[in-house]
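Trainee: I'm new to this structure and would love a guided look at it. Could we go through the terms as they come up?

Mentor: Gladly. Here it is.

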Amino acid sequence: MRVRRGGSDRLIRRFIAGTVLLMLLLLGGRYIGRAAGSIPRNDYRRMIKAGGQWLVETIWIQAQPGKRISGEGGGDPYVGQADPDPSYRKYQAVKTFYQEHQYLAWYGNEETGQQSPEDEQLAAASGQGSGQGTEYAQGNAGGNTYTQGNAGRGGAPGSGLQGGSGTMEIPETLTGTLNRPITGNTYVMEQLADYDFLMKHFYSVHTSTTAGRDLMNAKALLERDMSMQGDHSKPQILIYHTHSQEAFADSGPGQTVVGVGGYLTSLLEAKGYNVYHDTTVYDLKNGQLDRSKAYNYALDGITNILQQNPSIEVVLDIHRDGVGENVHLVTQVDGKDTAQIMFFNGLSQTPEGAIEYLQNPYREDNLAFSLQMQLDAAAYYPGFTRKIYLKGLRYNEHLRPKSSLIEVGAQNNTYQEALNAMEPLSELLDMVLSKK
């Protein structure tokens, strides 16, 4: 009498057969590729990934056939079947989630948003990393308005608010106006109040944190008053550098982010602000680069400065990012090659909840500060800012409501490109701080 083998044995046999088939397909594809010309590495990786997903799904379906019920099921092998394998359903849900929210995976695990080459290619493909992609803000259905900005610099203002009733005059941005034409995108509150729209167009969220609907309330953030309350008779703005040794592609002696911060200081002083530029080195220990406790050392230093100068309302930590070697974060502003900047917010929370020992009573104010500058940049300096980067720790942004960590370009930018970026940044700061 022949003994029928159990389901586990059938699954093993199918897995082995599928694996052998996949190996034959890959080897065949390799030789075909050599014959027809080399296949790009990224395409080859995608082929392998697609083949692996197909194999997993095929094995799962065969191992868990379920009981057919009504319905064809479309593209989902388990729609129209009863009692699917829960682990497979979870796999499908996660896969779908990241397909729909790819911006969550754009940034790697480095402290200030460094990207891997694969992340950079994904970002570039979507128009994020290079600043060359044009995003068009589209209103909700039902006749709400949208604004489509011009792509060039120095041209006519944007094409205007367009809705069901025709073209309307472009309004002021939500945070201020500037004596230059609007060449980028402006947005209406109906758009910004849409959580999915807000996150897709303005934020990159690292996997170390979460940014839920209750926190990312655009209306509440834009209603916060970020204007300067005191006068220029005493220090108002503190500029410092947790990583003072960050330099650029062609930096000479002394040409680090400290020099970039010095230029920003002079630009803000020319606008009438009283600026304290802290040039203390927080990332060297015994003459050697050591960033393991740079934020701790910086916290001690700037806390002492703020205690001696309680009039300071704004705290800016100027950094330089690190990206893939084939990425150049540059755009054109007024005919100058200009490093792109990125506002960085620490949320003091992980996906499991708040980090109790890193509380930030000014977290929402910090978010309001960066979002208001980001919107003004979108209108007046399109392509100048990258998406606001959100990460789980605090990064010393808890000392003042108007605090921001700002990444100026990356290691592939020139020092002059970084200096040029301080000119539009000073204008953005002035717009929000003065509400002019």
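Mentor: Let's begin with a word we'll need: a cavity is a set of grid points where a 1.4 Å probe fits but cannot get out, and its volume is the space filled by probe spheres set on those points. Please keep in mind that this is a predicted model.

Trainee: How many cavities of 30 Å³ or more does the structure hold?

Mentor: Two. The second largest has about 30 Å³ of space.

Trainee: What makes a residue part of the lining of the second largest cavity, and which residues are they?

Mentor: A lining residue has an atom within 4 Å of a cavity point. Tyr 240, Val 315, Asp 317, Tyr 395, Asn 396, Glu 397, Ser 403, Ser 404 and Leu 405 line this cavity. By class, that gives four nonpolar, three polar and two charged residues.

Trainee: Which strands each supply at least two residues of that lining?

Mentor: β11 (314-321) and β18 (402-410) do. The largest share, three residues, comes from β18.

Trainee: Where do β11 and β18 sit in the sheet?

Mentor: The order is β6-β17-β14-β18-β11-β7-β8, so β18 and β11 are neighbours in an open sheet of seven strands with mixed pairing. From one strand to the next, the twist averages 25 degrees.

Trainee: Why are β6 and β8 called edge strands?

Mentor: Because β6 (203-205) and β8 (275-277) each pair on one side only, they are the edges.

Trainee: How do you know that β7 and β11 are paired?

Mentor: Pairing needs at least two bridges. Four bridges join β7 (residues 237-240) to β11, so the pair qualifies; these strands run parallel. Within the pair, Leu 238 stands opposite Val 315 in β11.

Trainee: And what makes β12 and β13 a pair?

Mentor: The test is again at least two bridges. β12 (residues 330-333) and β13 (residues 336-339) are joined by four, and therefore count as paired, running antiparallel. Val 330 stands opposite Ala 339 in β13. Their hairpin has two residues between the strands, and Asp 334 takes a positive phi near 55 degrees there.

Trainee: Which helices lie across the sheet strands?

Mentor: Among them are α9 (residues 294-308), which lies across β7, β8, β11 and β18 at about 155 degrees to β7, and α11 (residues 415-434), which lies across β7, β11, β14 (341-346) and β18 at about 155 degrees to β18.

Trainee: What is the handedness of the crossing of α8 and α11?

Mentor: That crossing is right-handed. The axes of α8 (residues 257-270) and α11 come within 9 Å and cross at roughly 35 degrees. By class, their contact has 11 nonpolar, two polar and one charged residues; Leu 264 in α8 and Leu 425 in α11 are among them.

Technical notes: Residues numbered from 1 in each chain as written. Predicted model: local features only at pLDDT ≥ 70, side-chain atom pairs only at ≥ 80, totals over all residues. Heavy atoms only, no water. 1 Å grid on protein atoms, 1.4 Å probe; cavity = no way out; pocket = protein on both sides within 12 Å on 5 of 7 lines; lining within 4 Å. Nonpolar A, V, L, I, M, F, W, Y, C, P; charged D, E, K, R; others polar. Axes fitted to C-alpha atoms, helices over the stretch in contact; angles between N-to-C directions. Contact = heavy atoms within 4.5 Å. Left-handed = near helix turned anticlockwise from the far one by under 90°.
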